[in-house]
Amino acid sequence: MAKTTKTASLNKKTDTKSETSIPSSLSKQYKIVFGALLVLFSIALLFAFVSFFIFGQQDQSAVREITDRQEMVENWLGKFGAYLADLLIYRGFGLSAFIFVRLFFLTGMYLILAISLKKLKNIWFWDLFVIIVLSVLFGFFATSAPELGGTIGYELNLFLQDYIGKTGTLLLLLFGLIIYIIFKIKLSPESIQSFFSNTKNEVKTNLAAGSNNNDKSGYNLEEFAVSDEEVDEIHLKANGSQFEINKEALKPTINNSSNINRDPIAKQLAMEVTPLATPGIVLNTADTFVIETAPEEDIIEENLASRLVADFGLFDPTLDLSNYKFPTIDLLKEYSTGGITINQEELEENKNRIVDTLRNYKIEIAQIKATVGPSVTLYEIVPEAGIRISKIKSLEDDIALSLSALGIRIIAPIPGKGTIGIEVPNKNPTMVSMKSVIGSAKFQEAEMELPIALGKTISNETFVVDLAKMPHLLMAGATGQGKSVGLNAVLTSLLYKKHPAEVKFVLVDPKKVELTLFNKIERHYLAKLPDMDDAIITDNAKVVNTLNSLCVEMDNRYSLLKDAMVRNIKEYNDKFKARKLNPENGHRFLPYIVLVVDEFADLIMTAGKEVEVPIARLAQLARAIGIHLIIATQRPSVNVITGLIKANFPARIAFRVTSKIDSRTILDTQGADQLIGRGDMLYTNGNDVVRVQCAFIDTPEVEKITEFIGSQKAYATAYLLPEFIGEESGINLDMDISERDTLFREAAEIIVNAQQGSASLLQRKLKLGYNRAGRLIDQLEAAGIVGPFEGSKARSVNILDMSSLDQFFNNEQNN
């Protein structure tokens, strides 16, 4: 694990202060040492007190001469023990002084175990209260044995008796005991009354059971009829509360359902519960009134769901792969030593150069401090009063020149702080490994639907975000700056956190080499169309069908949500797990679907408008039903990602780009042009911009993870998306030869010779207008000479040579 962030103060005053301050880690050691001392002291005190009651008379004279080394004592703790026992018992509180042993012992244990001391204060208050009350009580009753009540108890007793007498003193002591019982033991009249009433009911039940077994007279039959009515009432109450409790209590017993009590008598009693009466509907007939009651279908269905939960527990979608094991952290490689190396000389040198550069422009600094990150150090400066922020911001290039840095970034001001930030790249950056990010407590304990560990911030904290709340992610940056590694980090985070039943991936990889490693987990995590051989889509022609299939899946899911009367996928799955939705009505557990597109610009160039429409629909509507998009591209310009799509991607990641214009295109603000590359990125979700060093995960690590998952038991097939049946692409023209264009045969010869079916080719060769060329192409398609429309691609030609074409026309004439 990496060390926590150290805030280094770089002025002299702060340096002197930090040298003399005690590190915070030592305070815990002091607590342990002091706690151990108190525990040992309490044990010693116990020995001293016990031996006082054995040898107290013999050590009486030695206590007065404690400084005399020749004087011998019998106390097990020596002269010190004899003195303490005499002080706290004889001259103190008497027998109640033994409570001090408990107090010192508890105090020591609380310090050792680092437990909150708020409860300890309460213990000390009430124990001291009891010590005083018991001391006075012993002094009241045991006047002949002063060691029982001690001197304090004896003197307080005499003092009280002088003013309020023996009776008043006894009543006062009784009042003290009442206070302790009510406030500490919390005994109330209601609890006493309930105890006696429960005891009385138990006695009555036992007597009734005995009389039913021994006698069978008429009197007993009457009594039995009354008790039967009472039993029915009890079952009515227990039925509601029983299922209420079992919803929570049976959660851990899902895998041990054989141990659940399924007594048929208990089921029969549960089925006999009658629903509450509803207002009747009065129908006026000819001579009489008929009263009909409305059926209670909703209540019966709810009771059925409760009984199912009680019998079988909550539905567990992971039971199909109940033995599935998540990948271990040992599969990941540790690339760094686990800590950040702080170069004090570099920090001091950069600080002096920043101060001198600003001073040259007559900008004085009141305070400056540095926060060291994995690849960048943040210098926070507080300018003197009267300095304009815009003046400092305009000196970005001058500061970069004085520091000889690759590129600096000025944040003026830092959100949430009254400082100005200057981010300076480290000369020796530290690589952030995926192992350190996945193994961090922040990721392991993340209470998120789809947690993603992106890397570490400037303050060296693990940066974890929830994809379900983004709800879509846009990643952009120049070639070779870490987009593909970022996608691998996203997918790896989900593989380490989510079961195969909970999330599915649709992977689009136009490069054909970046995401192919995930083929090994096809039957665990991937989703595809039924007729596809490979789950990872590398052919852009198949992307259109997949995107349209996702739109069909989205519409189907919204229909399920409508029938279930819920608003999002989380509520739907919770209701399905509680067995409130019937699978026979088409309901099913819905896993999250994550669509990942590695290079969106290439997709737009080849498929064009056919991709934009389904992507826009998914971006606008799919977040509520658990379909989330992650799109990576080099530059999300308007011709690549339209404004309609971009508006639904508030979460954006920008790797290094070459110009401020590109940075504004991605983030709507500048700063990405000043990044240093190699995974250095800016993340925004519509508000603040956070600088993160992306976690690095290499190809061998991904291969180990996919092999580990792929070697386990899997589903029979990948998650099948609904089959998409597109609109009829062919043109249904009349095949009557008489209605064909006069240039039909000539156009067919041109197409067959060129082996390229396009209207523009006919326009050039036959010198036609677009409309007539388009009609010729439609007629050629209807005749089967050319294939259907395929977006921006040329149509395929079904006839290979001129001889085949001549044979085609001859067959037409003969027919």
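## Exercises on contacts and exposure

Glu 348 has a relative accessibility of 30%, so Glu 348 counts as partly exposed. This residue opens a set of worked exercises on a predicted model.

### Exercise 1: A salt bridge within a helix

Find the salt-bridge partner of Glu 348 and work out how the two residues sit along their helix.

Solution.
- Step 1: Start with the contact. Glu 348 makes a salt bridge with Lys 351, and their closest N and O atoms are 3.1 Å apart. The cut-off for such a bridge is 4 Å, so the pair qualifies.
- Step 2: Place the residues. Both belong to helix α12 (residues 344–360), and because they are three residues apart, about one helical turn separates them.
- Step 3: Check the cover. Lys 351 has 11% relative accessibility, so Lys 351 counts as buried, while Glu 348 is partly exposed.

### Exercise 2: Two further salt bridges

Examine the bridges Lys 570–Asp 574 and Asp 741–Arg 772, and state what each one links.

Solution.
- Step 1: Lys 570 and Asp 574 join through their side chains, at 3.6 Å from N to O. They are four residues apart in helix α20 (residues 569–577), or about one turn of the helix.
- Step 2: Look at exposure in this pair. Lys 570 is partly exposed at 41% relative accessibility, and Asp 574 is partly exposed with a relative accessible area of 41%.
- Step 3: Turn to Asp 741, which bridges to Arg 772 with the closest N and O atoms 2.8 Å apart. Asp 741 sits in the loop between β18 (719–720) and α26 (744–754), whereas Arg 772 is in helix α28 (residues 770–783), so this bridge ties together parts 31 residues apart in sequence.
- Step 4: Add the accessibilities. Asp 741, at 17%, counts as buried; Arg 772, at 28%, is partly exposed.
- Step 5: Set the pairs in context. The structure has 21 salt bridges, and a network of them links Arg 409, Glu 423, Asp 680 and Arg 691.

### Exercise 3: Classifying aromatic pairs

Decide how the rings of Phe 104 and Trp 124 are arranged, then do the same for Tyr 324 and Phe 326.

Solution.
- Step 1: The structure contains 16 aromatic pairs. In one of them, the ring centres of Phe 104 and Trp 124 are 6.0 Å apart and the planes meet at 80 degrees, so the arrangement is edge-to-face.
- Step 2: Locate the partners. Phe 104 is in helix α5 (residues 99–112) and Trp 124 in helix α6 (residues 118–141); the pair links distant parts of the chain, 20 residues apart.
- Step 3: Repeat the test. Tyr 324 and Phe 326 have a centre-to-centre distance of 5.4 Å and planes at 75 degrees, again edge-to-face.
- Step 4: Compare with the burial limits. Tyr 324, with a relative accessible area of 9%, is buried, and Phe 326, with 35%, is partly exposed. Trp 124 is partly exposed as well, at 25%.
- Step 5: Widen the view. Ring pairs join Phe 104 and Trp 124 with Phe 41, Phe 93 and Phe 100 in a cluster.

### Exercise 4: Two surface patches

Identify the residues of a nonpolar patch and of a negatively charged patch, and follow one member of each.

Solution.
- Step 1: The nonpolar patch has about 730 Å² of accessible area together, and its members are Leu 171, Leu 174, Leu 177, Ile 178, Ile 181, Ile 182, Phe 183 and Ile 185.
- Step 2: Follow Leu 171, which lies in helix α7 (residues 146–185). Its relative accessible area is 53%, so Leu 171 is exposed.
- Step 3: The negative patch on the surface gathers Asp 531, Asp 533, Asp 534 and Glu 723.
- Step 4: Follow Asp 531 to the loop between β12 (527–528) and α19 (540–564). Asp 531 is exposed, at 60% relative accessibility.

### Exercise 5: Backbone details

Describe the peptide bond before Pro 471 and the phi values of Lys 362 and Gln 755.

Solution.
- Step 1: Met 470 and Pro 471 are joined by a cis peptide bond, with omega about -5 degrees. Pro 471 is in the loop between β9 (462–466) and β10 (473–476).
- Step 2: Lys 362 is not a glycine, yet its phi is positive, about 60 degrees. Lys 362 lies in the loop between α12 and β4 (365–372) and is exposed at 71%.
- Step 3: Gln 755 also has a positive phi, near 50 degrees. Its place is the loop between α26 and α27 (759–766), and at 36% Gln 755 counts as partly exposed.

Key. Residues numbered from 1 in each chain as written. Predicted model: local features only at pLDDT ≥ 70, side-chain atom pairs only at ≥ 80, totals over all residues. Heavy atoms only, no water. Patch = residues over 30% accessible without salt bridge, like charges linked within 9 Å, V, L, I, M, F, W, Y side chains within 5 Å. Areas by Shrake-Rupley, 256 points an atom, 1.4 Å probe, with all protein chains shown as cover. Lys, Arg positive; Asp, Glu negative; His and termini not counted. Charge placed at Lys NZ, Arg CZ, Asp CG, Glu CD. Buried < 20%, exposed > 50% of the residue type's maximum accessible area, 1.4 Å probe, protein only. Phe/Tyr/Trp six-rings, centres within 6.5 Å; stacked < 30°, edge-to-face > 60°.
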